[in-house]
Amino acid sequence: MNKIALFAFRGESMCFIHVLLNAIQMNEKGMEVKIVLEGEATKLVPELISEQSFLNNFFKKAWNNNLIAGICKACAQKMGTLDSALSYGFNILEDISGHAGMSQFIEKDYKVITL
């Protein structure tokens, strides 16, 4: 089985939609896929959870299919979205000096792709 970890760093919604679309498609094709929000992508939390956002339906589909592995704690703090992420129920990733590490995925045979 293919195992893919998508690390999203870019904070533009038009870039992040492709992370969501690819994760959903990979999941539908039977791949095991996880999304990690890192860097500037962590600022998208309010947009992802907003019913008015074009990202929301795709985000909900990814969330409901357990495709969201978590969010980088340090970056979410820096972007001011940690409280929103916590209240929504995001898994907080902080295994390398407060940031989300890739090694935990590599150790579980995930291919890491950064976007």
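**Reading a predicted model**

Visitor: What does I4 touch, leaving out residues up to four places away in sequence?
Guide: In this predicted model, I4 touches M26, E32, V33, K34, Y110, K111 and I113. I4 itself is found in strand 1, residues 3-8.

Visitor: Why is I4 called buried?
Guide: The relative accessibility of I4 is 7%. Buried means under 20%, so I4 counts as buried.

Visitor: How far apart are I4 and C72 in sequence and in space?
Guide: They are 68 residues apart in sequence, and their C-alpha atoms are 18 Å apart in space.

Visitor: What makes strand 3 largely enclosed by the rest of the structure?
Guide: Strand 3 covers residues 68-72, and 5 of its 5 residues are buried, so the strand is largely enclosed.

Visitor: How do you know that strand 2 and strand 3 pair?
Guide: Pairing needs at least two bridges. Strand 2, residues 32-37, is joined to strand 3 by 3 bridges, so the two count as paired, and they run parallel. One of the partnerships is that of I35 with I68 in strand 3.

Visitor: What makes strand 3 and strand 4 a pair?
Guide: There are 2 bridges between them, which meets the minimum of two, so they pair, in the parallel sense. Strand 4 consists of residues 92-93, and its I92 is the bridge partner of I71.

Visitor: Why is the contact of E28 and K61 called a salt bridge?
Guide: The limit is 4 Å between a side-chain nitrogen of Lys or Arg and a carboxyl oxygen of Asp or Glu. For E28 and K61 the N to O distance is 3.0 Å, so the pair qualifies. E28 lies in helix 1 (residues 13-28) and K61 in helix 3 (residues 56-64), so the pair ties together parts that are 33 residues apart in sequence.

Visitor: Are E28 and K61 buried, partly exposed or exposed, and why?
Guide: Exposed means over 50%. E28 has 54% relative accessibility and therefore counts as exposed. K61, at 38%, falls between the two cut-offs of 20% and 50%, so K61 is partly exposed.

Visitor: How many salt bridges does the structure hold?
Guide: It holds 4. Among them is the one between E51 and K60, at 3.1 Å, N to O. E51 is exposed, with a relative accessible area of 56%, whereas K60 is partly exposed at 28%.

Visitor: What is the N to O distance in the salt bridge of E94 and K73?
Guide: The distance is 3.4 Å. This pair links distant parts of the chain, 21 residues apart: E94 is in the loop between strand 4 and helix 6, and K73 is in helix 4.

Conventions. Residues numbered from 1 in each chain as written. Predicted model: local features only at pLDDT ≥ 70, side-chain atom pairs only at ≥ 80, totals over all residues. Heavy atoms only, no water. Buried < 20%, exposed > 50% of the residue type's maximum accessible area, 1.4 Å probe, protein only. Helix = DSSP H or I, 4+ residues; strand = E, 2+ residues; numbered from the N terminus. Contact = heavy atoms within 4.5 Å.
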